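The exercises below are meant to be worked through with the sequence and the coordinates open side by side. Each begins with a task and is followed by a solution that proceeds in steps.

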Amino acid sequence: WPNQVKQKALFYAKQKFEFDLIASAYQGGKTEESSKKQHKTSDIRKPNKVRIEIDNNLPPLVGAVKKKAQQNAATFHFPGHNRGRSAPFSLTQLIGIEPFIHDLAAIPELDNLTSPHGPILEAQKEAAKLFGALETWFLVGGTTCGIHGAIMATCSPGEYLILPRNCHLSAISGMVLSGAVPKYIIPEYDVEWDIAGGVTPSQVSLCFDELSRKPAAVFVTSPTYHGICSNISEISQLCHSHGIPLIVDEAHGAHLGFHPQMPKSALQQGADLAVQSTHKVLCSMTQSSMLHMSGNLVDKETISRCLRVLQTTSPNYLLMASLDAARHQLTQNPKALFDKAMQIAFEAKNSIRKIPEISILNHQTFPNFPSMDPFRLTIGFKQLNMSGYEADEILYRDNLIISELVGTKSITYAFNLGTCEEHVERLVFGLKKIVSSSSSSSTSMSHGVCAPFADFTTSLIPREAFFRKKRKVSIEKCIGEVCGELICPFPPGIPVLIPGETITQKALDYVLDVRSKGAIISGASDPQLFSILVCY
């Protein structure tokens, strides 16, 4: 046989064997062959009753998915691969058949995400207990979905939302959905690193004084992509003294508060709503997140109603089960779980600090903020006259090191529970090699680029700009026009130009500079930025 045909035959033999095992487990140990006679004589209208034992040690939603997947059921429902029976061969070669067997539809025993009352509700309650929330919602559209829901639940059209100008683009789209009016805080910015910081309590207080009426909510990103944590405790006290809810984009901080050497979580510091990417440092599957609520300033029914609008009616149960499993993983002894990862992170930073001409972002760069996430490592290459993009390309080419975030002057690496010592050793070796081989051939870095948020004027609120008719103009003729699209270097996904803002020379210079250094421009109809959409 040709090799491909042989592989396919072997695969289907294995697939049949797996299904026979499942059937055998729930037919009293009978194999297909041993039960042929029984099948001939049994009444097809009377299916075998299957008694399924539930593993009480499993998390509630994980256990429910396992129970349904193990049933020898005649299935006439979605999805179309029918528990793996018609799964695409190219993908089962890659991941096997097990994910398909457990990729189930919203059948009654598995509960309903939009109106939970069974294992999903139980799993969400367990998560709320662990994270210290009054209510928790599972999200299958990532933290983006949760941010949309949080803004929609707190801000009605025309109401003010105080938020940092370096917020994630999901906050901008949240304002498009809600009709909120932005009141931006300009974050601290370090030109040596080309990195923005967080939000200070005094900046929030100043916004309260400047606004003519009470804002609907305050929105803060903490920690930032680089791990900079704002003083959420003081900001929440300030907000609550005015009866204003605090939303925290905690996408990068689901792990905070679970180890004595970590900063406290947003909920532990009094936030009303915290949206977390459980998949980023904790161990759920990509795209799965949680929205947590505390206090009584936000109505939980309003949040549920918003999420019913935003979330799919066909959620993936593997994603939701992974949230349940990630929560369960933390339940036993979170400190012990994080001890090794914390040790690896600290040892990595100590080793890298000893490398000459390599810098590490630390608390001294942003002294107005109380702490930094120990699981973030941002390395600067200024002394080597090398951009982050250039260094990242060398480290990937020579050592197959994949970073989390590349900037004009730095690279950020994310540590997590799965980070291993061998990978850290490879990183340290690669950095030493860059230093030893560095020469004048490195590209000269530009030092005149200003902060991307230093100069902007809002002409239209995001919702008005989004729905306004637009035209395309060349990049040379766009200065002074009202931007009609998000212009956003990605990652980190922080817009340089927002729909409704007047395009300035400074903002344009910044985005063209980072593009020339290798950044990918997200959100633009023309990623090469030869043209840009502007509002009529």
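A residue counts as buried when its relative accessible area is under 20%. The model examined here is a predicted one.

**Exercise 1. Helix H6 and its surroundings**

Task: Determine which residues of H6 are buried, which elements they pack against, and what backbone feature is found just after H6.

Solution: Begin with the extent of the helix, since H6 runs over residues 119-131, has 13 residues and reaches 18 Å from its first C-alpha to its last, close to the 18 Å expected at 1.5 Å a residue. Next, apply the burial cut-off along the helix, which yields Pro119, Ile120, Ala123, Gln124, Ala127, Ala128 and Phe131 as the buried residues of H6. Then look at what these buried residues pack against: two helices, H3 (60-70) and H12 (317-331), together with the strands E1 (135-139), E9 (273-276) and E10 (289-293). Finally, follow the chain out of the helix, where Gly132, just after H6, takes a positive phi of about 80 degrees.

**Exercise 2. The buried side of helix H11**

Task: List the buried residues of H11 and name elements that cover them.

Solution: Within H11, which spans residues 300-310, the buried residues are Thr302, Ile303, Ser304, Cys306 and Leu307. The elements covering these residues include the helix H7 and the strands E1, E9 and E10. Of these, E1, E9 and E10 have already appeared in the first exercise, as strands against which the buried residues of H6 pack.

**Exercise 3. Two helix pairs**

Task: For the pair H7 and H8 and the pair H13 and H15, establish the crossing angle, classify the arrangement, and describe the residues in contact.

Solution: Take H7 (residues 142-154) and H8 (residues 169-178) to begin with, whose axes come within 8 Å and cross at roughly 40 degrees. Because angles under 35 degrees count as roughly parallel and those of 65 to 115 as roughly perpendicular, H7 is oblique to H8. The crossing of this pair, H7 and H8, is right-handed. On the H7 side, Thr144, Ile147, His148, Ile151 and Met152 take part, and they meet Ser170, Ala171, Ser173, Gly174, Met175, Leu177 and Ser178 in H8. Sorted by class, this contact of H7 with H8 has six nonpolar and six polar residues, and no charged ones.

Turn now to H13 (residues 334-353) and H15 (residues 421-437), which pack at an angle of about 10 degrees with their axes 10 Å apart. The same cut-off of 35 degrees gives the classification, and H13 and H15 are therefore roughly parallel to each other. H13 passes H15 in a right-handed crossing. The residues that meet are Lys340, Ile344, Ala348, Ser351 and Ile352 in H13 and Glu421, Val424, Leu427, Val428 and Leu431 in H15. By class, the contact of H13 with H15 divides into seven nonpolar residues, one polar and two charged.

**Exercise 4. Unusual backbone geometry in loops**

Task: Locate the cis peptide bonds that precede Pro79 and Pro223, and decide whether Asp111 and Asp194 are buried or exposed.

Solution: As background, most residues other than glycine have a negative phi, and most peptide bonds are trans. The bond from Phe78 to Pro79 is cis, with omega near 0 degrees, and Pro79 has its place in the loop between H3 and H4 (89-95). The bond from Ser222 to Pro223 is likewise cis, with omega near 0 degrees, and Pro223 lies in the loop between E6 and E7.

For the aspartates, Asp111 has a positive phi near 80 degrees and lies in the loop between H5 (98-101) and H6; at 2% relative accessibility, Asp111 counts as buried. Asp194 has a positive phi of about 55 degrees and is found in the loop between E4 (189-190) and E5 (195-196), where, at 14% relative accessibility, Asp194 also counts as buried.

**Exercise 5. Two loop residues and their contacts**

Task: Find which residues His226 and Ile475 touch, leaving aside neighbours up to four places away in sequence.

Solution: His226 is found in the loop between E6 (217-221) and E7 (228-229), and is buried, with a relative accessible area of 13%. Its contacts are Ile195, Leu361, Met372, Arg376, Thr378, Leu405 and Thr412.

Ile475, in the loop between E17 (470-474) and E18 (488-490), counts as buried at 11% relative accessibility. Ile475 is in contact with Leu508, Leu529, Phe530, Ser531 and Ile532.

Technical notes. Residues are numbered from 1 along each chain as its sequence is written. This is a predicted model: local features need pLDDT of at least 70, side-chain atom pairs count only at pLDDT 80 or more; totals for chains, interfaces and linings use all residues. Side-chain values use heavy atoms; hydrogens and water are left out. Axes are lines fitted to C-alpha atoms, for helices over the stretch in contact, and angles run from 0 to 180 degrees between N-to-C directions. Helices (H or I, at least four residues) and strands (E, at least two) are DSSP runs, numbered from the N terminus. Angles under 35 degrees count as roughly parallel, over 145 as roughly antiparallel, 65 to 115 as roughly perpendicular and the rest as oblique. A crossing is left-handed if the near helix is turned anticlockwise from the far one by less than a right angle, and right-handed if clockwise. Contact means heavy atoms within 4.5 Å. Ala, Val, Leu, Ile, Met, Phe, Trp, Tyr, Cys and Pro count as nonpolar, Asp, Glu, Lys and Arg as charged, and the others, Gly among them, as polar. The expected span of a helix is 1.5 Å times one less than its number of residues. Buried means under 20% relative accessible area, exposed over 50%, partly exposed in between (1.4 Å probe, protein chains only).
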